[in-house]
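Trainee: Please take a close look at one part for me. I would like to understand where the two chains meet.

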Number of protein chains: 2
Amino acid sequence: MSTPTDFPKPKSKADTEEGTVFAPRFDAEGLLPVVATSAKTGEVLMLAYMNAEALRRTIETGEAHYWSRSRGRLWRKGEESGNRQRVVELRTDCDQDAIWLKVESIGVEAACHTGRRSCFYRAVPLGKGGTTLTLSFVDAERQFDPGEVYRHSDAAKGTLKSSES
Amino acid sequence: MSTPTDFPKPKSKADTEEGTVFAPRFDAEGLLPVVATSAKTGEVLMLAYMNAEALRRTIETGEAHYWSRSRGRLWRKGEESGNRQRVVELRTDCDQDAIWLKVESIGVEAACHTGRRSCFYRAVPLGKGGTTLTLSFVDAERQFDPGEVYRHSDAAKGTLKSSES
């Protein structure tokens, strides 16, 4: 079986951008940012991170796995909340240092640990100068009660980083 | 005028997640990851980074500004390619350490420096074990000729990081 870190190393810029070898470029901490969007609505659900092992497991199983930066461990999306993500498509970007997942939700579509469909439930006003800005809630209805779902979990104890549920 | 770094500091976890004060949480390098999607198609166009100044200018002007990690400078999207991004909506996530921009393209919709609409023009096969994987090109038609557009630019000299155009 492959070890988690043996993805090919990127060669030239041309190979990275125009080649067909998947050679992901992890950052200094061994992570890649990952955008998950809903295959149904196109909405951005969350932004999280993968290490090589999370990426390999996601590809192999077709279920989203991430790296929890706060807990310092691999995390299968939905392992506590039950709201898992089936990956419909996985893409890499031009310089292979970011991932886009299109996902179908298994169970409730609620990617956010706060119980909402998306983690992006607040808008920043545009056209304003300065840095004192009031957020407005948008598409912020809760799909589940986090107090109920995470009653016995890290999240309930307040040790869970947002969206890592 | 505000200095670029005077966004409020996050207070409690509860305030960060459920409050209306925009208090972005920059990483150790002073950056936030930013997902830009097409307001027209919903497609993920690119993943880039903003520092406080790029974020402030984006909010104030309604045009996407990023921080170029390779060039170490602020970068107004489209400053060289002409393919600017008008921000329709700017959202933050639950823990305020990521940004989602919905953008309309001014000029050609081609967010990628390779001339493509999106930087995510290659898919990784699913259901495979191991780490030797062949990418397939999807939605990869070029909207412009990068050799022509960047003839006199950093990109043409090979010093431009992917997607920073």
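Mentor: Here is the contact between the chains, followed by the core. This is a predicted model, in which local features need pLDDT of at least 70, side-chain atom pairs count only at pLDDT 80 or more, and totals for chains, interfaces and linings use all residues. Residues are numbered from 1 along each chain as its sequence is written, and chains are lettered from A in the order in which they are written.

Start with the symmetry. A rotation of 180° with 0.0 Å of shift along its axis places chain B on chain A, at RMSD 0.0 Å (least squares on the C-alpha atoms of residues with pLDDT of at least 70 in both copies). The two copies are therefore related as by a two-fold rotation axis. Gly42(B) has the C-alpha of chain B nearest the axis, 2.8 Å from it.

Now the contact (C-beta atoms, placed from the backbone, within 7 Å). Chain B gives 48 residues and chain A gives 47 residues. On the side of chain B that touches chain A, β5(B) gives the most, with five residues (strands are DSSP E runs of at least two residues, numbered from the N terminus). That side has 20 nonpolar, 16 polar and twelve charged residues (Ala, Val, Leu, Ile, Met, Phe, Trp, Tyr, Cys and Pro are nonpolar; Asp, Glu, Lys and Arg are charged; the others, Gly among them, are polar).

Strands also cross over. β5 of chain A (residues 84-92) runs antiparallel to β7(B), joined by two bridges. Thr92(A) has Arg122(B) as its bridge partner in β7(B).

Last, the core. Leaving aside neighbours within four places in sequence, Val34(A) contacts Ala48(A), Tyr49(A), Met50(A), Tyr66(A), Ile99(A) and Leu101(A).

How values were computed: Two residues are in contact if their C-beta atoms, placed from the backbone, lie within 7 Å. Helices (H or I, at least four residues) and strands (E, at least two) are DSSP runs, numbered from the N terminus. Two strands pair if DSSP finds at least two bridges between them.
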